[in-house]
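Trainee: I keep meeting labels like "buried" and "stacked", and I'd like to know what's behind them. Can we go through some together?

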Amino acid sequence: QMVIPLNAKLQGARFRWLNQMLYEQPSEKAVELFAQEPELFEAYHDGFRKQVSKWPQNPLQLMIDYVRRCPPEWTIADFGCGEAELARTLHESHPHIHSFDLVAANEFITACDAANTPLKDSTVNAAIFCLSLMGTNFADFLREAERVLRPNGTLLIAEVASRFTDLDEFCHAVCADLGFQLRNKDTSNSHFVLLEFNKASKRATNSSKKRASSTLDGI
């Protein structure tokens, strides 16, 4: 009778370790870890599902509801998609959803670093980060989203509130450094914040994915 509670505690401890590692190391280290031990990806997302199931609201459902309202011809990029629930739910009505994560856990997912996706410049209508701004180089993920988004494209971010030491500073940096405009900031949920930005206009930047450091890198 004590085996099940003990196993649950061990699984919880492993999830917390993985979660801390993903937030406190650059994404390239996570790529290496999951390449060496892909079973850890499944372990992490098992713990993730259990954690989010206890929240009053699942932010992924908000993302699904948003995309469901989008025109079916829109191209959507789901950065850090996990098990690609967004694409699995909506692929029939919205066939142009690109799902990216460190491990291709199913046929909907392209395995890659979120800082370096195979998408072409200015081809995406909406870029989504649902609890996926993980890694010390998360600013590189946002730069990648800016690169692939069309002018006036939408950037949607749902992230745990504790991720931001200063949410206003983060929003200002996204706008000042990457050329976005903040359309909505929702802090009403007890567990996460929801941010919506628009890529205001096409900026004169080179297409290189390696760009100069900015305010975002220091947040």
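Mentor: Sure, and keep in mind that this is a predicted model. Let's begin with helix H7, residues 167-178, which lies across strand S5 (149-160), S6 and strand S7 (192-199). Helix H7 runs at about 155 degrees to S6.

Trainee: What sheet do those strands sit in, and what is its order?

Mentor: An open sheet of seven strands, with mixed pairing, in the order S3-S2-S1-S4-S5-S7-S6.

Trainee: What makes S3 and S6 the edge strands?

Mentor: Strand S3 (109-111) and strand S6 (180-186) each pair on one side only. Neighbouring strands in this sheet are turned by 20 degrees against each other on average, ignoring direction.

Trainee: How many bridges join S1 to S4?

Mentor: Four, between residues 76-79 of S1 and residues 124-130 of S4, and the two strands run parallel. Ala77, for one, stands opposite Ala127 in S4.

Trainee: Now the rings. Why is the pair of Trp55 and Phe192 called stacked?

Mentor: Check the numbers. Ring centres have to lie within 6.5 Å to pair, and planes under 30 degrees apart count as stacked. Trp55 and Phe192 have centres 6.2 Å apart and planes at 20 degrees, so the pair is stacked. Trp55 is in the loop between helix H3 (39-52) and helix H4 (59-69), while Phe192 is in strand S7, 137 residues apart.

Trainee: How do you know whether Trp55 and Phe192 are buried or exposed?

Mentor: Buried means under 20% relative accessible area. Trp55 is at 11%, so Trp55 counts as buried. Phe192 is at 3%, so Phe192 is buried too.

Trainee: And what makes Phe34 and Phe41 edge-to-face?

Mentor: The cut-off there is over 60 degrees between planes. Phe34 and Phe41 have 90 degrees, at 5.7 Å centre to centre. Both are buried. A search of the whole structure gives nine aromatic pairs, and Phe15, Tyr44 and Phe48 form one aromatic cluster.

Trainee: Last one: why is there no bond between the sulfurs of Cys171 and Cys175?

Mentor: A disulfide needs two cysteine sulfurs within 2.5 Å. The sulfur of Cys171 is 6.8 Å from its closest cysteine sulfur, in Cys175, so that is too far for a bond. Cys171 has a relative accessible area of 5%, so Cys171 is buried. The structure holds zero disulfides. Cys81 is in none either, with the nearest cysteine sulfur, that of Cys112, 8.8 Å away. Cys81 has 10% relative accessibility, so Cys81 counts as buried as well.

Terms used. Residues are numbered from 1 along each chain as its sequence is written. This is a predicted model: local features need pLDDT of at least 70, side-chain atom pairs count only at pLDDT 80 or more; totals for chains, interfaces and linings use all residues. Side-chain values use heavy atoms; hydrogens and water are left out. Buried means under 20% relative accessible area, exposed over 50%, partly exposed in between (1.4 Å probe, protein chains only). Two strands pair if DSSP finds at least two bridges between them. Axes are lines fitted to C-alpha atoms, for helices over the stretch in contact, and angles run from 0 to 180 degrees between N-to-C directions. Contact means heavy atoms within 4.5 Å. Rings of Phe, Tyr and Trp (its six-membered ring) pair if their centres lie within 6.5 Å; planes under 30 degrees apart count as stacked, over 60 as edge-to-face and the rest as tilted.
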